[in-house]
Amino acid sequence: IPKARLYTCSENGKDGFFALGLYDIINPEKPKFIGRYNKFGDITASHVHDAFARNDTVYLNCGPSGFAIMDFSDAANPKPILTLKPNEYPNSGYNHSGWLTPNGKTYVMADENHGLPLKVFDLSDIVNGDVVSLLSPAKDTTLAIPHNPLVSCDYAYVSYYYDGLQVYNIKNPSKPKLEAYYPTSTLPNNLSYKGSWGNYPYLPSGNIVVADMQNGLFVVEGVEKPCNAVYSCNPVGTSDGILN
């Protein structure tokens with residue numbers, strides 16, 4: 001039975017600031033407070049920037065404090081499954097956000113820092129989950145900034161600021177590949193934060209919505225259905241595609 005829980009990141013209220021809040025919204029008109037949290041295993045977080053929840057397992061991106069996977073089945077005493085402090089995983093930085101594959105075995109995570117690659121975790125053994133590959137756009141790798149990766153089926157859709165939408169095939173998490181992209185921005189990367197800010201790859205049509213902070217909204221043709229294995233792209237160079 002779904003628990004209908006709401007996790008709130010970086011909650012600031014009359015009782016003070018908390019890294020994470022938790023509410024029961026089985027009756028959405030009357031949410032019930034469950035708890036507030038700052039400590040996740042051996043991580044005491046200044047805040048949680050993003051969270052991904054599947055059932056009682058919650059993936060917490062704790063900004064400068066690292067990354068935690070927690071079991072919230074007992075909300076009064078959540079238990080750590082895996083915690084990684086800064087420098088306990090490769091190319092660590094500001095732990096911003098991440099997304100889990102449908103089968104729960106792969107997690108794609110972004111540290112929102114110039115020049116730091118995306119991390120792909122193999123969570124087949126979640127307690128001993130580990131980064132098995134790193135991803136960057138085809139160019140601008142020393143300046144590129146990953147932001148808000150989303151996963152649909154075997155693909156990670158990443159809003160990459162100046163580098164637009166980047167689409168990676170992660171069916172084999174140890175050997176992912178950049179398979180397509182859509183350039184939304186023509187601005188030079190001046191070490192600030194401009195360009196592609198977010199995307200949505202879950203429309204029934206398979207089209208992908210991409211938001212660019214300066215150039216507005218783009219709707220690009222993708223898969224006919226969200227879980228088709230192949231989407232429409234025109235080849236560019238030897239290995240990349242540009243989405244229509």
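**Exercise 1.** In this predicted model, determine which residues Val120 is in contact with, leaving aside its neighbours within four places in sequence, and decide whether Val120 is buried or exposed.

*Solution.*
Step 1. Beyond those neighbours, the contacts of Val120 are Thr106, Tyr107, Asp130, Val131, Val132, Ser133, Leu135 and Pro173.
Step 2. Val120 belongs to strand E12, which covers residues 118-122.
Step 3. Ser174 stands 54 residues from Val120 along the chain, yet their C-alpha atoms are separated by 7.8 Å.
Step 4. Buried means under 20% relative accessible area. Val120 has a relative accessibility of 0% and therefore counts as buried.

**Exercise 2.** Describe the open sheet formed by three strands, and explain why one side of E1 and of E3 is left without a neighbour.

*Solution.*
Step 1. The order of the strands is E1-E2-E3, with antiparallel pairing.
Step 2. Strands E1 (5-13) and E3 (32-37) are at the edges; each has a single partner strand, so one side of each lacks a neighbour in the sheet.
Step 3. On average, neighbouring strands of this sheet are turned by 30° against each other, direction ignored.
Step 4. Strand E2 (residues 16-24) pairs with E3 over five bridges in the antiparallel sense. Gly21 has Arg36 in E3 as its bridge partner.

**Exercise 3.** Identify the residues that form a nonpolar patch on the surface with Trp197, and classify the exposure of Trp197.

*Solution.*
Step 1. Trp197 is found in strand E18 (residues 196-200).
Step 2. Together with Tyr193 and Met213, Trp197 forms the patch, whose accessible area is about 300 Å² in total.
Step 3. Partly exposed lies between under 20% and over 50%. The relative accessible area of Trp197 is 41%, so Trp197 is partly exposed.

Methods. Residues are numbered from 1 along each chain as its sequence is written. This is a predicted model: local features need pLDDT of at least 70, side-chain atom pairs count only at pLDDT 80 or more; totals for chains, interfaces and linings use all residues. Side-chain values use heavy atoms; hydrogens and water are left out. Helices (H or I, at least four residues) and strands (E, at least two) are DSSP runs, numbered from the N terminus. Buried means under 20% relative accessible area, exposed over 50%, partly exposed in between (1.4 Å probe, protein chains only). Contact means heavy atoms within 4.5 Å. Two strands pair if DSSP finds at least two bridges between them. Axes are lines fitted to C-alpha atoms, for helices over the stretch in contact, and angles run from 0 to 180 degrees between N-to-C directions. Patches are made of residues with over 30% relative accessible area and no salt bridge: like charges are joined within 9 Å, nonpolar side chains (Val, Leu, Ile, Met, Phe, Trp, Tyr) within 5 Å. Accessible areas come from the Shrake-Rupley method with a 1.4 Å probe; for residues, only the protein chains shown count as cover. A salt bridge is a side-chain nitrogen of Lys or Arg within 4 Å of a carboxyl oxygen of Asp or Glu.
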